Number of protein chains: 2
Amino acid sequence: MKRLLDPDSLRALARGCAVLGAGGGGDPYLGLLQALQAAEDFGPAVLVDLDELPGDSLIMPCGGIGAPTVSVEKIENGDEGARLREHLEFLTGRRVAALMAAEIGGSNGLLPITWAARMGLPVADADGMGRAFPEVPQVTMHLAGISPSPAVMTDERGNLVIFQTISGQWMERLERAAAVEFGGAASSTEFTLTAAQARGATVRGSVSLAIRIGEAVTGAEGSPVDALVAAVGGFRLITGKILDVERRTTSGFARGSVIVEGLGPDAGRLIRLELQNENLVALERGRVLASVPDLISVLDSETADAIVTERIAYGQRVTVIAFACDPVWRTEKGIMIAGPRAFGYDFDYLPVEELAGASA
Amino acid sequence: MKRLLDPDSLRALARGCAVLGAGGGGDPYLGLLQALQAAEDFGPAVLVDLDELPGDSLIMPCGGIGAPTVSVEKIENGDEGARLREHLEFLTGRRVAALMAAEIGGSNGLLPITWAARMGLPVADADGMGRAFPEVPQVTMHLAGISPSPAVMTDERGNLVIFQTISGQWMERLERAAAVEFGGAASSTEFTLTAAQARGATVRGSVSLAIRIGEAVTGAEGSPVDALVAAVGGFRLITGKILDVERRTTSGFARGSVIVEGLGPDAGRLIRLELQNENLVALERGRVLASVPDLISVLDSETADAIVTERIAYGQRVTVIAFACDPVWRTEKGIMIAGPRAFGYDFDYLPVEELAGASA
């Protein structure tokens, strides 16, 4: 099925990307404005299933890299995607057939659509995470053994850097350092692959999923939060208000923590979220309620709009939910790369269903 | 004239490169060991004048980048030059005809010779500074309007980064950040140019000059320091001993200062050298005795061996000399890019001949 990513789809997509971002991936409001403008100026981009593309088609996974706190005020100029594509085609000697979001979460779920509309290229209905993660090798392509090289990075000024590294960790180090020099955020592509490879190395259908999540909220007859929890199969961790935010932009990431104080039925409870671009863990009196790679999202209690970590502020009335990641992240390798220990936590991963079941 | 860079030439060259390094460019002892080994394993490299190369021949300026304090213990593995060449040829679609030292100073005057011997390529009798400077755009090619892009950087592990920037300053920022990630030092090529361009955009004959300087010291019948001062047309600033060294490796540079206490006829005098990889300024009671872009070198008072900034140590008996830079650095643009104000000093450049004349 081909689908035109028209303004209504884009609005629903932005809502869904915010939820799937688990707080990260960049502010989808900015991503939406860019995508709407590109659709108006160049016509809407076409969403294609990976099965519709010839197996040897070249897919360019792409998006923004850096600290989302920076990217809300340091905006792309629009031609980054074309520059990434031009250099990737030079390096590979092949034409790019479709773009794909490296991560569906946040504005990074929308940015490839903006670029695709501008270039007249389709967008694959898939991504490399099914959510957002902070680091370059935290993608399903890495789990599948696809090389991150050659990677291409560019900024809004027109600088360009190409990376050919001996490992995913070196790619992360070098790209992060360049993103920091660029002011804390940049645009990039890594893990170039064919459509045939992508069929087994990505989270498939994630663009459609994000749109469905957005539509579920928009079309909700009762509580938008209830509709959203049902749409993602989520668990409520707490309903309350933001009591404290500690956030700093350092080494190319937004890091910090958020305290949510329970209200109503949750009065007396305090939940702490720890974040590195994304919400990594939710803790209550030292007990883990949910952790990476499962998703933790902070929703506006009225509208169910997910609030990205860089927009969290004192006094916001929120509902924190958690829900299951794509199964690929629950494999041994997935947990090794994106589980709690990968972020420096000294506890083992437990699925949110078990943790939420224990607390119910 | 073609000249084989045999072991005797290399030993003389290493002495000369140390003097022309003005304290920087990396320890020439390490560079010499590598060059001798390469000459033994692969045969000596050939030194060619730029006039001997067809005008459209591609010249690859190259060397090490980073903090010399790091490069004394983080050694190249030898194949960096071949990797730089391979990628530069891919990027330009042309064959590299000859290597050239980006800077003749320190081990960077020898490293391209090691690589050239390994690859069977000639080395051009020229460089981009006539000395050593700490930053990427501080080369004569930049003064002549040659683009630093595409630049290629690699490390001893096999990582590789290509830079295409909008300015020399962006090249410096991005390359420095990558060099820091690599551990503080890496290998790179920038400012690729043709032989025809190089004839008007480099310091010509600097390899031969460095060899002549080395030979003048080796063949000295009287004081090696006297012979060296005569060979470079230098001025003695002080003879004494190292009283204090303050040195730190930060942001990809070795920075700090050195105090030299006069002995003998200079008893009672104190001179302070300030350094960023290279010796930048020599001060006595706040008065400037010499400054960039002119060269300040610290010599062993017995042997006239120039001591690189990372090897300066308490108690060494030294003679500090200063001598004139290549005239290209005394132009308005040269002083803007490599004069005292380019390094943050609040005084105007005066040629060492005037300063030394005033103090005589």
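**Note on the two-chain model**

1. In chain B of this predicted model, helix α10 (residues 224-232) lies across three strands of the same chain, β11 (235-250), β16 and β17, and runs at about 10 degrees to β17(B). The strands named here belong to a sheet that is described in the next point.

2. That sheet in chain B is open and has 7 strands, which follow the order β15-β14-β13-β12-β11-β17-β16 with antiparallel pairing. Its edges are formed by β15 (287-291) and β16 (295-300) of chain B, and since each of these has a single partner strand, one side of each is left without a neighbour in the sheet. Neighbouring strands of the sheet are turned against each other by 35 degrees on average, when direction is ignored.

3. At the β16 edge of chain B, the pairing can be followed at residue level. β16(B) and strand β17 (residues 317-323) of chain B are antiparallel and pair over 6 bridges, and B:Ile296 stands opposite B:Ala322 in β17(B).

4. Chain A also holds an open sheet of 7 strands with antiparallel pairing, in the order β15-β14-β13-β12-β11-β17-β16. Here β15 (287-291) and β16 (295-300) of chain A are the edge strands, each pairing on one side only, and the average turn between neighbouring strands, direction ignored, is 35 degrees. Helix α10 (residues 224-232) of chain A packs on this sheet, where it touches β11 (235-250), β16 and β17 (317-323) of chain A, and the direction of the helix makes about 10 degrees with that of β17(A).

5. Several strand pairs in the chain A sheet deserve a closer look, beginning with β11(A) and strand β12 (residues 253-262) of chain A, which run antiparallel and are joined by 10 bridges. Within this pair, A:Ile242 stands opposite A:Val260 in β12(A). The hairpin of β11(A) and β12(A) has 2 residues between the strands, and in this hairpin A:Ser251 takes a positive phi near 55 degrees.

6. On the way to the β15 edge, β12(A) is joined by 7 bridges to strand β13 (residues 270-276) of chain A, again in the antiparallel sense, with A:Ser257 standing opposite A:Glu274 in β13(A). Strand β14 (residues 278-284) of chain A is then joined to β15(A) by 4 bridges, and these two strands run antiparallel as well; the bridge partner of A:Glu284 in β15(A) is A:Arg287. For anyone inspecting such strands, it helps to recall that in a regular strand the side chains alternate between the two faces of the sheet.

7. As a whole, chain A contains 12 helices and 17 strands. The radius of gyration of chain A is 19 Å, close to the 21 Å that the globule rule gives for 360 residues, so chain A is as compact as a globular protein of that length. The C-alpha trace of chain A spans about 60 × 45 × 35 Å along its principal axes, and buried residues account for 59% of the 360 residues in the chain. Of the contacts in chain A between residues at least 6 apart in sequence, 75% join residues at least 24 apart.

8. Turning to the interface, 17 residues of chain B are in contact with 17 residues of chain A. On the side of chain B that touches chain A, β7 (160-164) and α7 (168-181) of chain B each supply at least two residues, and the largest share, 7 residues, comes from α7(B). Sorted by class, this side of chain B has 10 nonpolar, 4 polar and 3 charged residues.

9. The two chains also pair strand to strand across the interface: strand β7 (residues 160-164) of chain A and β7(B) are antiparallel and pair over 5 bridges. In this pairing, A:Phe163 stands opposite B:Val161 in β7(B).

10. How are the two copies arranged relative to each other? Chain B is superposed on chain A by a rotation of 180 degrees with 0.0 Å of shift along its axis, at an RMSD of 0.0 Å. The two copies are thus related as by a two-fold rotation axis. In chain B, the C-alpha nearest this axis belongs to B:Ile162, at 2.4 Å from it. The same surface serves both copies, as 100% of the contact residues of chain B recur in chain A.

Conventions. Residues numbered from 1 in each chain as written. Chains lettered and ligands numbered in written order. Predicted model: local features only at pLDDT ≥ 70, side-chain atom pairs only at ≥ 80, totals over all residues. Contact = placed C-beta atoms within 7 Å. Nonpolar A, V, L, I, M, F, W, Y, C, P; charged D, E, K, R; others polar. Pairing = 2+ DSSP bridges. Least-squares fit on C-alpha atoms with pLDDT ≥ 70 in both. Axes fitted to C-alpha atoms, helices over the stretch in contact; angles between N-to-C directions. Rg over C-alpha atoms; globule rule 2.2 N^0.38 Å. Buried ≥ 20, exposed ≤ 12 C-beta atoms within 10 Å, placed from the backbone.
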